[in-house]
Amino acid sequence: MATLNRVCLHIAGSEYTLTTDEPEEYVQKLAQDINDRIESALAGNDRMSVMMATVLASLELADEANKAADSADNLRGQIQGYLEENGKTRMELDAVRRELDRVRRENDSLRARCGMNNGSYDY
């Protein structure tokens, strides 16, 4: 069972206390990111309320999370394609190795029939 941490955060002038299994430093970093986004939205815009800035920061974070999830799905799809291609290539390699073994046996047989069995292959 994970240890729960009680973390006090200050976001947009309000204090929040959370209980989380994440390290406090990590949660504080998240809170700082949110504060930075809110402050950025408020900067130079006297009509922007803290609530509006918070909503904008939330939308930015949701947009980034959705794009990251889409990107991760895309990468998973690419990896799956590479794994399938790798499997097909391995099967082709196995088939080529079997054919090489068959040709070597046939070559050995033909050499034996001709009395040329020296056991070496020059290629």
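The protein chain carries 15 positive and 23 negative side chains, and the centres of these two sets are 14 Å apart. These values, like those that follow, were computed from a predicted model. The surface exposed by the protein chain amounts to about 10,100 Å², of which 54% is supplied by carbon and sulfur atoms.

The secondary structure of the protein chain consists of two helices and two strands. Read from the N terminus, these elements follow the order β-β-α-α. The radius of gyration of the protein chain is 32 Å, whereas the globule rule gives 14 Å for 123 residues; the chain is therefore more spread out than a compact globule. The extents of the C-alpha trace along its principal axes are about 100 × 40 × 20 Å. Of the 123 residues, 11% count as buried. When contacts between residues at least 6 apart in sequence are considered, 13% of them join residues at least 24 apart.

The largest nonpolar core comprises 10 residues, namely V7, L9, I11, V27, A31, I38, A41, M48, A53 and A57. At least two residues of this core come from each of three elements: strand β1 (5-11), helix α1 (24-42) and helix α2 (50-114). Helix α1 provides the largest share, with four residues. One member of the core, I38, illustrates how these parts of the chain meet. Residues up to four places away in sequence being set aside, I38 touches I11, A12, A53, T54 and A57. Of these partners, I11, A53 and A57 are themselves listed in the core.

A second residue considered in helix α1 is R37. With a relative accessible area of 14%, R37 is buried, because a residue counts as such under 20%. Beyond its neighbours within four places in sequence, R37 is in contact with A57, E60, L61 and E64. A57 thus appears among the contacts of R37 and also among those of I38.

The loops on either side of strand β2 (14-20) were examined next. A12, one of the residues touched by I38, is located in the loop between β1 and β2. The relative accessibility of A12 is 29%, and the residue therefore counts as partly exposed, a class that lies between 20% and 50%. The backbone of A12 is also notable. Most residues other than glycine have a negative phi. In A12, by contrast, phi is near 50°, a positive value in a residue other than glycine.

D21 is placed in the loop between β2 and α1. The relative accessible area of D21 is 46%, so this residue is likewise partly exposed. Apart from its neighbours within four places in sequence, D21 is in contact with A2, T3, L4 and N5. Of these, N5 falls within the range of strand β1 (5-11).

Two C-alpha separations from G81 were also computed. D21 and G81 are 60 residues apart along the chain, and their C-alpha atoms are separated by 36 Å. L110, which lies in helix α2, is 29 residues from G81 in sequence and 43 Å from it in space, C-alpha to C-alpha. The relative accessibility of L110 is 40%, and L110 accordingly counts as partly exposed.

Methods
Residues numbered from 1 in each chain as written. Predicted model: local features only at pLDDT ≥ 70, side-chain atom pairs only at ≥ 80, totals over all residues. Heavy atoms only, no water. Core = buried A, V, L, I, M, F, W, Y, C linked by side-chain atoms within 4.5 Å. Buried < 20%, exposed > 50% of the residue type's maximum accessible area, 1.4 Å probe, protein only. Contact = heavy atoms within 4.5 Å. Rg over C-alpha atoms; globule rule 2.2 N^0.38 Å. Areas by Shrake-Rupley, 256 points an atom, 1.4 Å probe, with all protein chains shown as cover. Lys, Arg positive; Asp, Glu negative; His and termini not counted. Charge placed at Lys NZ, Arg CZ, Asp CG, Glu CD.
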